[in-house]
Amino acid sequence: MTELKKGRGMNSSDQDGRLVPIHVLTIGVSRQVDGSGFLPLSQCENDALAIRDCFLGYPQLCAETGKVSSLTTKSSSVSRGAILAAVKSLAAGAGSENSLLFYFSGHGLSIGDQIYLVPEDAYDAEDPGCLVGFDQIFKFLDKSKAKQKF
């Protein structure tokens, strides 16, 4: 399983120091369905778009053309299904010569020893079935051929 590693900087290069083309997915969820108990957040969409724009605007970051995308509540529905489909597509679209970056801005929570991201259509903070578990995201990332995953 993919592990979260503390204290490691992002280095999208191969062992010879050459920059590796990176595929990027940013997600920003600023609101959830009414009655869910989650308070609206004001900047998540802007955070996700700003990270996306950095990769689009700075060639030094080595983002592969056409492989930088975002999903925000500003422009579309960011449902549980949409998040999982986008992560699956990100992971499947990268080859062994690529790196991946997944970025999420929004509510997150833990239930027991599991960590979850909160999609727009989450209706209950205590029901893991309406949330997106890190284990689900790692399942897709682990299947990817990408050289590095951030």
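## Overview

Of the 150 residues in the protein chain, 41% are buried. Please keep in mind that this is a predicted model. The accessible surface of the chain comes to about 8400 Å², and carbon and sulfur atoms account for 51% of that area.

The chain has three helices and seven strands. Going along the sequence, these elements follow the pattern β-α-β-α-β-β-β-β-α-β. Among contacts between residues at least 6 apart in sequence, 67% join residues at least 24 apart.

## Helix α1 and the loop after it

Let us start with α1, which spans residues 44-57. This helix has 14 residues, and the distance from its first C-alpha to its last is 20 Å, close to the 20 Å expected at 1.5 Å a residue. Its buried residues are C44, E45, A48, L49 and F55. They lie on the same side of α1, because the arc they cover around the axis is only 125°. The cover over these buried residues includes β1 (22-28), β2 and β3 (99-105).

The loop between α1 and β2 (63-72) holds C62. This residue is worth a look in a backbone check: C62 is not a glycine, yet its phi is positive, at about 65°.

## The nonpolar cores

Which residues touch the most other members of the largest nonpolar core? In this core of 21 residues, they are I27, I83, V87, F102, F104, I137 and L141. At least two residues of the core come from each of β1, α2 (80-92), β3 and α3 (134-143). The largest share is that of α2, with five residues.

I137 gives a good view of how parts of the chain meet. Leaving aside neighbours within four places in sequence, I137 is in contact with V87, F102, L117 and V132. Apart from the largest core lies another core, of seven residues, including F38, Y116, V118 and C130.

## Helix α3

Now for the helix that carries I137. In α3, the buried residues are I137, F138, F140 and L141. Viewed down the helix axis, they fall within an arc of 160°, so they line one face of α3.

What do the buried residues of α3 pack against? Their partners are α2, β3, β5, β6 and β7 (148-149). Two of these buried residues, I137 and L141, also appear among those touching the most other members of the largest core.

## Strands β4, β5 and β6

Strand β4 (residues 108-111) pairs with strand β5 (residues 114-117) in the antiparallel sense, over four bridges. One pair to pick out in the viewer is S110, whose bridge partner in β5 is I115. The hairpin of β4 and β5 has two residues between the strands, and here G112 takes a positive phi near 65°.

How many bridges join β5 to strand β6 (residues 132-133)? There are two, and these strands run antiparallel. Across this pairing, Y116 stands opposite G133 in β6. Y116 is also one of the residues in the seven-residue core.

Methods. Residues are numbered from 1 along each chain as its sequence is written. This is a predicted model: local features need pLDDT of at least 70, side-chain atom pairs count only at pLDDT 80 or more; totals for chains, interfaces and linings use all residues. Side-chain values use heavy atoms; hydrogens and water are left out. The expected span of a helix is 1.5 Å times one less than its number of residues. Buried means under 20% relative accessible area, exposed over 50%, partly exposed in between (1.4 Å probe, protein chains only). The arc is that of the directions from the helix axis to the C-beta atoms. Contact means heavy atoms within 4.5 Å. A nonpolar core is a set of buried Ala, Val, Leu, Ile, Met, Phe, Trp, Tyr and Cys residues joined through side-chain atoms within 4.5 Å. Two strands pair if DSSP finds at least two bridges between them. Accessible areas come from the Shrake-Rupley method with a 1.4 Å probe; for residues, only the protein chains shown count as cover.
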